[in-house]
Amino acid sequence: MVRRYGGPASRLRAMTGLVEGVRAFDPALVYLRWDLFYPPMVRFPRRTPIVVEVNTDDEAESALSSGIRPRYNRLTRGLVLGRARALVFVTSELSAKPSFAGFKARHAVVTNGIEL
């Protein structure tokens, strides 16, 4: 399922629709790319394993933002990352970041490219 979005309100609507779609489809697994926690995410079915693809150190990246985003990210990221069965990182360096060390999920590295 693909949802397109623009600003924060459309992201929230898109995530609500995505979670509703997941609940209706009842997949064996949810694979999602990590960005930021959205409240509808707490409605992912508990019995459905979640695998999260991590492309950046979200704590370091959000710290570059002003306003509430860094605090919001720090307070809410564990609601999904803490529930994930596995975290899939795009680099070994990213998988070794302390900001991901506290999560019990299995860590795997799958790069975004191929060696030519």
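**Exercise 1. The chain as a whole**

What radius of gyration does the chain of 116 residues have, and what would a compact globule have?

*Solution.* Begin with the nature of the model, which is predicted, so that local features need pLDDT of at least 70 and side-chain atom pairs count only at pLDDT 80 or more, while totals for chains, interfaces and linings use all residues. Residues are numbered from 1 along each chain as its sequence is written, and side-chain values use heavy atoms, with hydrogens and water left out.

Next, take the radius of gyration over C-alpha atoms, with the globule rule being 2.2 Å times the number of residues to the power 0.38. For 116 residues a compact globule would have a value near 13 Å, and the chain has 15 Å, which agrees. Along the principal axes, the C-alpha atoms fill a box of roughly 35 × 35 × 30 Å.

Then turn to the surface, using accessible areas from the Shrake-Rupley method with a 1.4 Å probe, where for residues only the protein chains shown count as cover. The chain exposes about 7600 Å², and carbon and sulfur atoms supply 56% of this area. Buried residues (under 20% relative accessible area, whereas exposed means over 50% and partly exposed lies in between, with a 1.4 Å probe and protein chains only) make up 41% of the 116 residues.

**Exercise 2. The order of helices and strands**

Determine how many helices and strands the chain has, and in which pattern they follow one another.

*Solution.* Helices (H or I, at least four residues) and strands (E, at least two) are DSSP runs, numbered from the N terminus. Counting these runs gives six helices and four strands, and reading along the sequence gives the pattern α-β-β-α-α-α-β-α-α-β.

To see how distant parts of the sequence meet, use contacts, meaning heavy atoms within 4.5 Å. Among contacts between residues at least 6 apart in sequence, 41% join residues at least 24 apart.

**Exercise 3. The largest nonpolar core**

Find the residues that touch the most other members of the largest nonpolar core, and the elements that supply at least two residues each.

*Solution.* A nonpolar core is a set of buried Ala, Val, Leu, Ile, Met, Phe, Trp, Tyr and Cys residues joined through side-chain atoms within 4.5 Å. The largest core has 24 residues, of which Trp-34, Met-41, Phe-44, Val-52, Leu-87 and Phe-100 touch the most other members. At least two residues of this core come from each of helix 1 (8–25), strand 1 (30–33), strand 2 (50–54), helix 4 (78–81) and strand 3 (86–89). In soluble globular proteins, nonpolar side chains tend to be buried together.

Now look at Trp-34 itself, leaving aside its neighbours within four places in sequence: its contacts are Met-41, Val-52, Glu-53, Asp-58, Arg-77, Val-80 and Leu-81.

**Exercise 4. Three residues of helix 1**

Decide whether Leu-12, Arg-13 and Ala-24 are buried, partly exposed or exposed.

*Solution.* Leu-12 belongs to helix 1 and is partly exposed, because its relative accessible area is 37%. Beyond its neighbours within four places in sequence, Leu-12 is in contact with Pro-39 and Pro-40; Leu-12 and Tyr-38 are 26 residues apart in sequence and 6.7 Å apart in space, C-alpha to C-alpha.

Arg-13, also found in helix 1, is exposed, because its relative accessible area is 57%. Ala-24 lies in helix 1 as well and is exposed, with a relative accessible area of 70%, and its C-alpha atom is separated by 19 Å from that of Tyr-38, 14 residues apart along the chain.

**Exercise 5. A loop residue and a buried serine**

State what is notable about the phi of Asp-26, and decide whether Ser-95 is buried or exposed.

*Solution.* Asp-26 sits in the loop between helix 1 and strand 1, and has a positive phi of about 55° although it is not a glycine. Most residues other than glycine have a negative phi. Asp-26 is partly exposed, with a relative accessible area of 40%.

Ser-95 is found in helix 5 (residues 92–95) and counts as buried, because its relative accessibility is 18%. Leaving aside neighbours within four places in sequence, Ser-95 is in contact with Phe-89, His-107 and Val-109.
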